[in-house]
Amino acid sequence: MAESSPKYGLTRSGRGWYRRVGGRSRYIVAVSRCPTGVAADAWFEKHVAHIAKPAVATDSLGEAFNGFIANRRARKLNAGTISDYLDTGRKLVVLFGSRSIDRLTSADAEAFRATLEGLSPSRRQKHLVNVRAFLRWAGGHYAPSWTLADFPNVSKRELRLGRVRHPPFSPAQVRRLMRYGNTRQRLVVLLGLNMGVGPHEMSLLKAEDFKGGVFTLPRSKTGVERCVPIWPEVLALLPKKGRLFDATAPVLIRTFRRLCDRACVPPWGIYHLRRTFRTVADTAGDQRAAARVMGRELPDTDTVYVTQITVERIGRMLEHVRTALRVRQAMKARQLDAWVFSLERRMHHRKHTGRATPTKRRERTARLCPPSDREAAPPPPSP
């Protein structure tokens, strides 16, 4: 690792001592004139006092990451992107929060990568990308000892294998999610399959956004226009007004994972519903309609010239997804399962008690008016 001065964090190279200022390496003094870090600090303080900031050498990693988050918030990035940065920052702060940013070693970077081993390849890749974005920003304000090479990308082979191990939800799995979910959980599943939205965007949706049965707001992350005809099953579960979910994105994620465990479905997360929608929509053959639903632009020249796609065209593609995943049958099965469960409960109660299932009124009356403690009157004598 390159030698640095103790007070101002000047870095030594073969040519001399330099420091990062405004995102660029600024030459300070030759090594022949100042062979030690203390001498380089003295020269720096005497001749370049207008950029001397002793606090840079003592800034902790946590403070630096807070500055990075403030910069990202000032750029008005998507709330989901900010949440991803914060997730990476928490992992860094837990390990090295109080340590100076210019005292971290390659072994520390390896220790951080080891904490990501239990995650999926795509999630590990997201954390590594976030750390490299932080280092690029920190290079213009601090003197980080970490380099981009300390956080290499996950191999493409591993990413491909991770995608193979996570196939889209099948119609049978969608039916189980509908069967074991409550109203909010079923709405989460249907929104992911109908609109291809993630948890952060779900948490911001309002009932007023679905006026006329068509969702037209642009995607918050990319700003690309969207046009999504809403399925009748979704409209039936929407509240009258206000936000659809009185919960944040992490709460929705945990709730969906509990539903997956209860329904014996692999807990791959809400975002896997978006992947399922795009995989099934691809078989319809209308890539541009699928991209309009997801809020994405295709990387071709026609994107510049195609300025409008009809609602009927997008509706045909969504009807294909609805039919392929058997959403209508899943909702009918949910109603049938509820009726069968109620019938089985009544039959089980009659079998074991010899009487019909008590109603709520009877149960309440039995609690308020308990039977008398007096013994029953003896039967009349037989003639």
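**Exercise 1. Cysteines and disulfides**

Find how many disulfides the structure holds, then decide whether Cys260 and Cys264 are buried or exposed.

*Solution.* Start with the count: this predicted model holds 0 disulfides. A disulfide needs two cysteine sulfur atoms within 2.5 Å. Next, take the two cysteines in turn. Cys260 has a relative accessible area of 0%, so it is buried. Cys264 has a relative accessible area of 64%, so it counts as exposed, the cut-off for that class being over 50%.

**Exercise 2. The overall make-up**

Describe the protein by its secondary structure, its buried share and the reach of its contacts.

*Solution.* First, the secondary structure: there are 17 helices and 5 strands. Second, the buried share: 42% of the 383 residues count as buried. Third, the contacts: take those between residues at least 6 apart in sequence, and 65% of them join residues at least 24 apart.

**Exercise 3. The nonpolar cores**

Work out which helix gives the most residues to the largest nonpolar core, and look at what surrounds Leu244.

*Solution.* Step one is the core itself. The largest nonpolar core has 51 residues, and those with the most contacts inside it include Leu191, Phe210, Leu244 and Phe256. Step two is to ask where these residues come from. Helices that each supply at least two residues include H7 (171-180), H8 (183-195), H11 (249-262) and H16 (327-353). Among the contributors, H8 gives the most, with 7 residues.

Step three zooms in on Leu244. Leaving aside neighbours within four places in sequence, Leu244 is in contact with Leu187, Leu191, Leu205, Lys206, Ala207, Phe210, Leu238 and Pro239. Finally, there is a second, separate core of 25 residues, which includes Phe68, Tyr142, Phe151 and Val154. As background, nonpolar side chains in soluble globular proteins tend to be buried together.

**Exercise 4. Phe256 and the largest cavity**

Locate Phe256, decide whether it is buried or exposed, and find which residues line the largest cavity.

*Solution.* Begin with position: Phe256 is found in helix H11. Then check accessibility: its relative accessible area is 2%, so Phe256 is buried, since buried means under 20%. Now list its partners. Not counting residues up to four places away in sequence, Phe256 touches Phe169, Leu177, Val188, Val189, Gly269, Ile270 and Leu273.

Turn next to the cavity. A search of the whole structure finds 1 cavity of 30 Å³ or more, and the largest cavity holds about 30 Å³ of space. Its lining is made of Arg184, Gln185, Val188, Leu252, Thr255 and Phe256. H8 and H11 each supply at least two of the lining residues. Sorted by class, the lining has 3 nonpolar, 2 polar and 1 charged residues. To finish, compare sequence with space for two lining residues: Phe256 and Gln185 are 71 residues apart along the chain, yet their C-alpha atoms are separated by 6.6 Å.

**Exercise 5. The second largest pocket**

Find the volume of the second largest pocket and the element that gives the largest share of its lining.

*Solution.* The volume comes to about 540 Å³. Of the 23 lining residues, Ala143, Pro144, Ser145, Trp146 and Thr147 are the closest to the pocket's centre. Two elements give two or more residues to the lining: strand S2 (16-21) and helix H5 (121-138). The largest share, 3 residues, comes from S2. By class, the lining has 9 nonpolar, 9 polar and 5 charged residues.

**Exercise 6. Three loop residues**

Place Lys76, Arg326 and Ser155 in their loops and sort them by exposure.

*Solution.* Take Lys76 to begin with. It is found in the loop between helix H2 (61-74) and helix H3 (79-96). Its phi is near 60 degrees, a positive value in a residue other than glycine. With a relative accessible area of 76%, Lys76 is exposed.

Arg326 is found in the loop between H15 and H16. Here phi is positive too, at about 55 degrees, although Arg326 is not a glycine. At 53% relative accessibility, Arg326 counts as exposed.

Ser155 is found in the loop between H5 and helix H6 (156-164). Its relative accessible area is 39%, so Ser155 is partly exposed. One last distance: Ser155 and Gln125 are 30 residues apart in sequence and 9.1 Å apart in space, C-alpha to C-alpha.

Note on methods
Residues numbered from 1 in each chain as written. Predicted model: local features only at pLDDT ≥ 70, side-chain atom pairs only at ≥ 80, totals over all residues. Heavy atoms only, no water. Buried < 20%, exposed > 50% of the residue type's maximum accessible area, 1.4 Å probe, protein only. 1 Å grid on protein atoms, 1.4 Å probe; cavity = no way out; pocket = protein on both sides within 12 Å on 5 of 7 lines; lining within 4 Å. Points joined across faces, edges and corners; volume = space filled by probe spheres on them. Helix = DSSP H or I, 4+ residues; strand = E, 2+ residues; numbered from the N terminus. Nonpolar A, V, L, I, M, F, W, Y, C, P; charged D, E, K, R; others polar. Core = buried A, V, L, I, M, F, W, Y, C linked by side-chain atoms within 4.5 Å. Contact = heavy atoms within 4.5 Å.
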